[in-house]
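Trainee: I would like to learn how to read the features of a structure. Please take me through a few of them.

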Amino acid sequence: MQLPEYVGQTVLVTGAASGIGHAQVQAFRRQGANVIAIDRQAQPASLKAGTDLSYQVADVTDESALVTAISAGIAVLGAPSIVCNTAGRLDGYRPTLKTSLKDWQAILATDLTSQFIVTNTVLPMMLAQQHGVFVNMASIAGLVAGGGGAAYTAAKHAIIGYTKQLDLDYAAQGIRANCLAPGAINTPMNAADFAGDGKMAQWVADETPAKRWAQPQEVADLTLFLASQHADYVHGTVVPIDGGWLEK
Ligand code: NAI
């Protein structure tokens, strides 16, 4: 897939060090975009330094650190026209009675509130340009139960609601916001499923109509389409990429 429209555009990606975010960073760079990459982990060797990359270490649950990282990236590469709110983490599939208030707040801060902070930081710049695209990371856990525990499922459902409202409020001013809802993607987040005899990973594949896990690159490819002008009429919706999990 070649999308020349990305040449010279600035894209902001959170959760850039690993898994899907990492694949999104590389996918946009290959298209000629400049990327502001944010993660709490140090820059991995696999993300090669270059004038097209501004890598910022920040914890997305720390508002001040996050805003500082975004500003530092913008100082180098300019304001982003595309944002991938990808940072997130699982909650150990804990039901509500096994979820402490501290854990609940930590999951919501990482998965949901970080998207709010990033959005409110960059949206005014997008509105000044009358153009901006958000690709917010939900999950099948944003549409059905069972893809996480109480906190993760609540956060992912809320991301979908937040994204719809964001689109509704600003679509007429050139903003487009959508969610991705991946199913089983083989990333470090799911390492526990592959541990030991890998029975859990096998079960997930067996339960998936496509009978396999997907690679993060497949989600990055969908991101490229969703953020592009080819998807200009796609607004406020959720695009599953789940091997058919939700069709059952
Ligand atoms: P991953 O664990 O490989 O990558 C997540 C990245 O987010 C890591 O680099 C991590 O350091 C970063 N991160 C986590 N908390 C952070 C914080 N407080 N501050 C800054 N960075 C932080 O996981 P993966 O699979 O790539 O997940 C990315 C997103 O995709 C998450 O939002 C996840 O919920 C979502 N997702 C993943 C699925 C999967 O099967 N892997 C399925 C559906 C959704």
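Mentor: We will go through the pocket, the ligand, the salt bridges and the backbone angles in turn. This is a predicted model, in which local features need pLDDT of at least 70 and side-chain atom pairs count only at pLDDT 80 or more, while totals for chains, interfaces and linings use all residues. Residues are numbered from 1 along each chain as its sequence is written, and side-chain values use heavy atoms, with hydrogens and water left out.

Trainee: How much space lies in the largest pocket?

Mentor: Rolling a probe the size of a water molecule over the atoms shows where empty space is left. A pocket is an open set of points on a 1 Å grid over the protein atoms alone, where a 1.4 Å probe fits and protein lies on both sides within 12 Å along at least five of seven lines. The volume is the space filled by probe spheres set on the points, which are joined across faces, edges and corners. Here the largest pocket holds about 940 Å³. It is lined by 44 residues (each with an atom within 4 Å of a point), and Gly-88, Arg-89, Tyr-152, Thr-187 and Met-189 are the closest to its centre.

Trainee: Which elements give two or more residues to that lining?

Mentor: They are helix H1 (19–30), strand E2 (34–39), helix H3 (101–129), helix H4 (150–170) and helix H6 (199–207). Helices (H or I, at least four residues) and strands (E, at least two) are DSSP runs, numbered from the N terminus. The lining divides into 23 nonpolar, 15 polar and six charged residues. Ala, Val, Leu, Ile, Met, Phe, Trp, Tyr, Cys and Pro count as nonpolar, Asp, Glu, Lys and Arg as charged, and the others, Gly among them, as polar.

Trainee: Which residues come nearest to the ligand?

Mentor: Of the 29 residues around the ligand (a heavy atom within 4 Å of it), Ser-18, Ile-20, Asp-39, Tyr-152 and Thr-187 come nearest. Polar contacts are pairs of N or O atoms within 3.5 Å. A polar side-chain atom of Tyr-152 lies 2.5 Å from a ligand oxygen atom. For Asn-190, the distance from a polar side-chain atom to an oxygen atom of the ligand is 2.9 Å, and for an N or O atom in the side chain of Gln-41 it is 3.0 Å.

Trainee: How many salt bridges does the count come to?

Mentor: The rule asks for a side-chain nitrogen of Lys or Arg within 4 Å of a carboxyl oxygen of Asp or Glu, and the count comes to six. One of them joins Asp-232 to Arg-176, with the closest N and O atoms 3.9 Å apart. Asp-232 lies in the loop between helix H7 (216–226) and strand E7 (238–241) and Arg-176 in strand E6 (residues 175–182), so the pair ties together parts that are 56 residues apart in sequence.

Trainee: Is Arg-176 buried or exposed?

Mentor: Buried means under 20% relative accessible area, exposed over 50%, and partly exposed in between (1.4 Å probe, protein chains only). Arg-176 is buried, at 3%. In another salt bridge, Arg-212 pairs with Glu-218 at 2.9 Å between the closest N and O atoms; Arg-212 is partly exposed at 43%, and Glu-218 is partly exposed at 28%.

Trainee: What is the phi of Tyr-93?

Mentor: Most residues other than glycine have a negative phi. Tyr-93 has a positive value, near 55°, and sits in the loop between strand E4 (82–85) and H3. Gln-130, also not a glycine, has a positive phi of about 60° and is found in the loop between H3 and strand E5 (132–137).

Technical notes. A polar contact is a pair of N or O atoms within 3.5 Å; within protein, one must be able to donate a hydrogen and the other to accept it, and residues adjacent in sequence count only if both atoms are side-chain atoms.
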